[in-house]
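Please look through the sequence and the model below before reading on. The paragraphs that follow lead from the terms to the overall build, and then through the parts one after another.

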Amino acid sequence: MRRRMLSVVAPLTVPLTLAAGCAGVAGLYDDGRARDVKAPLALWADRTPAPRVRDEDPGDQRAVPGLARVPSGSMKDADPMAVVRADFAAGGDRPPAARAVRSPVFHDLTDDGRPDLISAVDLDARTSALRVYSVRDRVVTRVLGLRAVLAGVELAAGHLAVREPTKDPRYVSVTDYVWDGSRMGLWDLTLDDYRTPQNPLPTTASDAPSPGSPA
């Protein structure tokens, strides 16, 4: 079961002091001063980040140089290993060894009726490069590229869901990417149960994190 990540913000703009009291057999009695409730304190509110640069956009489309054109428009007619190695080389990185490249997956993510290539390269024991390639005007083109700690990757209804660990080992964050007609864009961010071969199904509702609990 997917759960949206929520944060609870106290809707107060000034400190509020509460007098706490308790009721017992003998009636009401004073339990002392309660904790002050305050609105969040914004740090460095005058500073904002620069806009995302082109190199940081996962959905930035890049033609992969050095590859033959694909008249059929199907990524099945391209060599998956050659595509990945050429893409890495074009970015100035060392082409990965064959053992670091996971088995290719072909699936139509761009909604053109032809299979795209989904590839993952394990960069080290923890981090991987996830990339999606499509044929655009007969040219092999990377339509999604990101680095992630892959707790899982799922396909459903045209969505590519990337599952990554959180600080709580019971849950993962899930980032959904979907083709919007022209590019692979971010669709949604959610929180979900961490699944393993020993625990393939979501946990019970009683184990779900409460709204506002840290991810």
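Two strands are said to pair if DSSP finds at least two bridges between them. Helices (H or I, at least four residues) and strands (E, at least two) are themselves DSSP runs, numbered from the N terminus. This is a predicted model, in which local features need pLDDT of at least 70 and side-chain atom pairs count only at pLDDT 80 or more, while totals for chains, interfaces and linings use all residues. Residues are numbered from 1 along each chain as its sequence is written, and side-chain values use heavy atoms, with hydrogens and water left out.

The chain holds 1 helix and 11 strands, and read from the N terminus its elements follow the order β-β-β-α-β-β-β-β-β-β-β-β. Of its 215 residues, 32% count as buried, where buried means under 20% relative accessible area, exposed means over 50%, and partly exposed lies in between (1.4 Å probe, protein chains only). Taking a contact to mean heavy atoms within 4.5 Å, 45% of the contacts between residues at least 6 apart in sequence join residues at least 24 apart.

How much of the chain scores at least 70 in pLDDT? The share is 71% of the residues, and the chain averages a pLDDT of 80; pLDDT is the predictor's confidence in each residue, from 0 to 100. Over residues 5-20 the pLDDT stays under 50, and the model has 29 contacts beyond four places in sequence for this stretch. Residues 202-215 also have a pLDDT below 50, with 23 contacts in the model beyond near neighbours in sequence. Where pLDDT is low, the predicted coordinates should not be read in detail.

One sheet is open and consists of 5 strands in the order 3-7-6-5-4, with antiparallel pairing. Its edges are strand 3 (62-63) and strand 4 (105-107), and each has a single partner strand, so one side of each is left without a neighbour in the sheet. Strands of a sheet pair through backbone hydrogen bonds, either parallel or antiparallel.

Starting from the edge at strand 4, this strand and strand 5 (residues 116-122) pair in the antiparallel sense over 3 bridges. Here histidine 107 stands opposite aspartate 116 of strand 5, and valine 105 faces isoleucine 118 of that strand. Strand 5 is mostly covered, since 6 of its 7 residues are buried. On to strand 6, strand 5 is joined by 6 bridges, and the two run antiparallel; the hairpin that connects them passes through 5 residues. Within this pair, alanine 120 stands opposite leucine 130 of strand 6.

What lies across strand 4, strand 5, strand 6 (128-136) and strand 7 (139-148)? It is helix 1 (residues 80-90), which runs at about 110 degrees to strand 6; axes are lines fitted to C-alpha atoms, for helices over the stretch in contact, and angles run from 0 to 180 degrees between N-to-C directions. The charged end of arginine 131 sits over the ring of phenylalanine 88, 4.3 Å from the ring's centre, a description used if NZ of Lys or CZ of Arg is within 6 Å of the ring centre and within 35 degrees of the ring normal.

A further open sheet has 4 strands in the order 8-9-10-11, again with antiparallel pairing. Strand 8 and strand 11 are its edge strands, each pairing on one side only, and the twist from one strand to the next averages 25 degrees. Strand 8 (152-156) and strand 9 (159-165) have a loop between them in which alanine 157 lies. Is alanine 157 buried or exposed? Alanine 157 is exposed, with a relative accessible area of 79%, and its C-alpha atom is separated by 9.2 Å from that of valine 178, 21 residues apart along the chain.

Strand 9 is joined to strand 10 by 7 bridges, with the two strands running antiparallel, and leucine 160 stands opposite tyrosine 177 of strand 10. Strand 10 (residues 171-179) and strand 11 run antiparallel as well, joined by 9 bridges, and threonine 175 has leucine 189 of strand 11 as its bridge partner. The hairpin of these two strands has 4 residues between them, and there glycine 181 takes a positive phi near 110 degrees. Strand 11 (residues 184-193) is mostly covered, with 7 of its 10 residues buried.
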